[in-house]
Amino acid sequence: PFRLMLAGQSLIERPLHLTPSAASLQVRDLLAQADLAVTNLEVALDSGGGWPVRDTTSHVAPESVLDTLAWFGFGAVALASNHAFDLGPPGILAGLGATRQRGMLAAGTGPDAVTAGEPGFGLAASRRVAMVAVVAAENPPQSHALDAAGQLPARPGVNRLRVNIESGSGEPGHSVGGRWAPEETDVMALLRHTRAAARLTDVVVVYLHNHYWATPQERTPNWVREFARRCIDNGASVVLGHGTPVLQGLEFHRGHLIAYGLGSFVFHTHRPASYDAGAWESLLVDADLGPDGTANEVRLHPVIHGCHPERPGA
């Protein structure tokens with residue numbers, strides 16, 4: 001079997017591998033057993049040429065945080081997130097260049113919209129692997145990758161999944177009383193890339209970074225469940241979700257694993273008082289995949305790691 005490990009989101013603003021904690025060493029030993037380990041990068045990398053594009057909280061990090069993720073053993077990093085554009089186009093290009101320089105499989109951003117939507121490809125344990133990544137968040141429109149048109153040049157940015165509100169029966173937590181629904185043109189584009197990746201590779205990971213949450217946050221919105229199942233139906237081996245700072249559920253659809261939200265592998269927040277301890281509680285999902293990408297066995301490893309307020313050394 002192909003051993004795939006999925007981790008929570010990595011909102012990591014400073015390197016951790018230079019003076020690793022005992023917890024970091026334990027997690028590294030566990031991740032070393034994977035054929036491929038996957039997380040995301042929920043910061044913008046500072047290459048010296050970017051500038052803040054938010055008026056409030058930005059999450060910015062030096063390139064050395066990628067060395068931390070590589071030290072842990074992550075070979076695949078989803079770049080699509082609501083903070084990828086915090087330093088504008090230079091931060092997008094810095095993230096792409098730094099991951100490629102380190103030989104990491106990456107997806108979800110690009111110098112234009114076409115490239116941002118394309119799968120990232122790689123090899124792991126002699127298997128061909130691919131990842132397609134997208135972000136659904138109320139980011140400013142200029143954060144989305146844009147293709148060149150006429151005299152307008154292309155814009156580096158994230159691969160977007162637009163989400164609209166529909167009238168009708170509501171989902172708990174949405175005060176407007178409506179129902180979230182992803183833009184079908186964006187969904188179809190992602191599914192086309194998923195099918196293409198499935199024809200070319202052995203393992204396809206689809207990644208969704210979502211900020212259209214239900215209440216309570218532990219609950220997976222209906223639209224996310226429907227979206228994830230469609231990804232599996234169109235060739236995804238596994239669907240991985242991040243975005244909420246809490247754990248959400250797991251599901252098997254036609255034998256394929258869906259991890260709707262794995263909390264935070266590292267959570268370097270500027271407002272720790274705004275979160276309870278659950279924001280630092282996560283899981284490593286450790287799955288043995290068969291030749292068709294279905295999960296033969298899944299093991300769950302609880303993780304508390306990355307500046308837990310009650311366990312700062314974790």
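**Two mixed sheets and the helices across them**

Me: In what order do the six strands of the open sheet that starts with strand 9 stand?
Reply: The model is predicted: local features need pLDDT of at least 70, side-chain atom pairs count only at pLDDT 80 or more, and totals for chains, interfaces and linings use all residues. Residues are numbered from 1 along each chain as its sequence is written, and side-chain values use heavy atoms, with hydrogens and water left out. Strands (E, at least two residues) and helices (H or I, at least four) are DSSP runs numbered from the N terminus, and strands pair if DSSP finds at least two bridges between them. The pairing in this open sheet is mixed, and the order is 9-10-14-15-17-16.

Me: By what angle are neighbouring strands of this sheet turned against each other on average?
Reply: The edges are strand 9 (120–124) and strand 16 (250–253), each pairing on one side only. With direction ignored, the average turn between neighbouring strands is 20°.

Me: Which residue is the bridge partner of G122?
Reply: Strand 9 pairs with strand 10 (residues 127–136) in the antiparallel sense, over five bridges. In strand 10, the partner of G122 is V129.

Me: At about what angle does helix 6 run to strand 14?
Reply: Axes are lines fitted to C-alpha atoms, for helices over the stretch in contact (heavy atoms within 4.5 Å), and angles run from 0 to 180 degrees between N-to-C directions. Helix 6 (residues 222–233) lies across strand 10, strand 14, strand 15, strand 16 and strand 17. Its angle to strand 14 is about 165°.

Me: Which strands have one side without a neighbour in the sheet ordered 7-6-3-1-19-20?
Reply: This second open sheet also has six strands and mixed pairing. Each edge strand has a single partner, so one side of each is left without a neighbour; these are strand 7 (105–107) and strand 20 (295–304).

Me: Within what arc do the buried residues of helix 1 fall?
Reply: Buried means under 20% relative accessible area, exposed over 50%, and partly exposed in between (1.4 Å probe, protein chains only). In helix 1, A23, S24, V27, L30 and L31 are buried. They line one face of the helix because the directions from the helix axis to their C-beta atoms fall within an arc of 125°.

Me: Which exposed residues does the opposite face of helix 1 carry?
Reply: The buried side is covered by elements including strand 1, strand 3 and helix 2 (64–72). The face turned away from it carries A22, Q26 and D29.
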